[in-house]
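Biologist: Could you walk me through this model at the bench, one question at a time? I would like to hear the reasoning as well as the result.

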Amino acid sequence: MENESSKPPLEPARLLRELVRTDAEVEQLRQELEVLRGCTEAGLRCVRASQAVFQALSSWRESSSQALAGRLIEAESAEQVARATAVTEQRVSELLDLYAECARPLQAALESQTSNLIAAEARRNALTKGLPGGLATRHEVLRTTTKYPYICQVISRRCKGCNMLLPTALAQTVARGQTDSCPSCRRILFVG
Ligand SMILES: [Zn+2]
């Protein structure tokens with residue numbers, strides 16, 4: 001395994017570009033994971049609903065057999081209840097099989113996407129450590145307080161995060177390759 005500490009530090013502009021790419025990767029994985037979690041939850045809700053149908057059917061059958069015993073319903077009606085119950089049970093059982101079939105690949109995708117996200121976050125955390133000044137802390141704060149992206153390009157003196165026209169001196173500083181943050185949205189600025 002390669003020793004991380006033996007690597008020469010990235011030069012600032014390259015580090016920022018790398019961090020922008022990794023931030024994007026983390027964000028995409030996070031969104032994909034949210035979709036997968038949504039699918040899993042929808043599947044689980046479906047299973048719970050099927051189980052409720054099973055329960056309702058069982059008590060329906062139970063009460064109809066009690067009613068039959070008490071001669072409250074005709075034998076013909078009891079037969080109809082039994083037929084409807086069998087058909088519904090069959091449908092519910094098919095639904096459960098279908099869910100089990102979908103759940104396996106869904107669970108596998110969920111697990112692999114989670115480990116991809118953990119790996120991408122570790123790469124991102126390693127990169128932020130190389131940021132100059134207090135920018136590593138700034139990046140961390142932005143991740144919890146601001147919507148993605150956390151590092152924005154400056155184009156025509158404007159911050160691409162909030163579109164604010166930057167003060168000339170700040171735009172010049174960033175254009176020289178020095179890192180700073182936007183006075184309005186606090187995102188880290190860079191010239192791509
Ligand atoms: Zn801004």
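Biologist: Happy to start with a loop: between which two strands is arginine 186 found?
Modeller: This is a predicted model, and arginine 186 has a positive phi of about 70° in it although the residue is not a glycine. Its place is the loop between strand 3 and strand 4.

Biologist: Is arginine 186 buried, partly exposed or exposed?
Modeller: A residue is buried if 20 or more other C-beta atoms lie within 10 Å of its own, and exposed if 12 or fewer do. Arginine 186 has 17 C-beta neighbours inside 10 Å, so the residue counts as partly exposed.

Biologist: Which residue in the loop between strand 1 and strand 2 has a phi near 70°?
Modeller: Most residues other than glycine have a negative phi. Strand 1 and strand 2 form a hairpin with 2 residues between them, and serine 156 in that turn has a positive phi of about 50°. The value near 70°, again positive in a residue other than glycine, belongs to arginine 157.

Biologist: And how many other C-beta atoms lie within 10 Å of arginine 157?
Modeller: Arginine 157 sits in the loop between strand 1 and strand 2. The residue is partly exposed, and the number of other C-beta atoms within 10 Å is 15.

Biologist: Which residue of strand 2 stands opposite isoleucine 155?
Modeller: Strand 1 and strand 2 (residues 158-159) pair in the antiparallel sense over 2 bridges. Opposite isoleucine 155 in strand 2 stands arginine 158.

Biologist: On to strand 4: which residue there is the bridge partner of cysteine 152?
Modeller: Strand 1 (residues 151-155) and strand 4 (residues 188-190) run parallel and are joined by 3 bridges. In strand 4, cysteine 152 has as its bridge partner leucine 189.

Biologist: Which strands stand at the edges of the sheet, and why is one side of each left without a neighbour?
Modeller: The sheet is open, has 4 strands with mixed pairing, and follows the order 2-1-4-3. The strands at the edges each have a single partner strand, so one side of each has no neighbour in the sheet; they are strand 2 and strand 3 (180-181).

Biologist: How do the elements run from the N terminus on?
Modeller: The chain has 4 helices and 4 strands. Read from the N terminus, their order is α-α-α-β-β-α-β-β.

Biologist: Which peptide bond between helix 3 and strand 1 is cis?
Modeller: Most peptide bonds are trans. In the loop between helix 3 and strand 1 we find proline 149. With omega near 0°, the cis bond is the one from tyrosine 148 to proline 149.

Biologist: Why do the buried residues of helix 3 line one face, and within what arc do they fall?
Modeller: The buried residues of helix 3 (residues 135-145) are Leu135, Arg138, His139 and Leu142. An α-helix has 3.6 residues a turn, so residues three or four places apart point the same way. The face turned away from the buried side carries the exposed residues Thr137 and Thr144. Seen down the axis of helix 3, the buried residues line one face because they fall within an arc of 100°.

Biologist: How far apart are the C-alpha centres of domain 1 and domain 2?
Modeller: The domain assignment gives domain 1 (11-130) and domain 2 (132-192). In the contact between them, 9 residues of domain 1 meet 10 residues of domain 2. On the domain 1 side, helix 1 supplies the largest share, 7 residues. The two C-alpha centres are apart by 41 Å.

Biologist: What distance separates the C-alpha atoms of glutamate 18 and arginine 124?
Modeller: Glutamate 18 belongs to helix 1 and is partly exposed, with 15 other C-beta atoms within 10 Å. Although glutamate 18 and arginine 124 are 106 residues apart along the chain, their C-alpha atoms are separated by 8.8 Å.

Biologist: What is the radius of gyration of the chain?
Modeller: The C-alpha atoms fill a box of roughly 95 × 45 × 20 Å along the principal axes, and 14% of the 192 residues count as buried. A compact globule of 192 residues would have a radius of gyration near 16 Å, but for this chain the value is 29 Å.

Biologist: Last one: which element has the highest mean pLDDT?
Modeller: The mean pLDDT of the chain is 84, and 91% of its residues reach 70 or more. Over residues 1-5, however, pLDDT stays under 50. Among the elements, helix 1 (residues 12-69) has the lowest mean at 83, while the highest, 95, goes to strand 2.

Terms used:
Residues numbered from 1 in each chain as written. Predicted model: local features only at pLDDT ≥ 70, side-chain atom pairs only at ≥ 80, totals over all residues. Pairing = 2+ DSSP bridges. Rg over C-alpha atoms; globule rule 2.2 N^0.38 Å. Arc of directions from axis to C-beta. pLDDT = per-residue confidence, 0-100. Contact = placed C-beta atoms within 7 Å. Domains from an automatic or database assignment.
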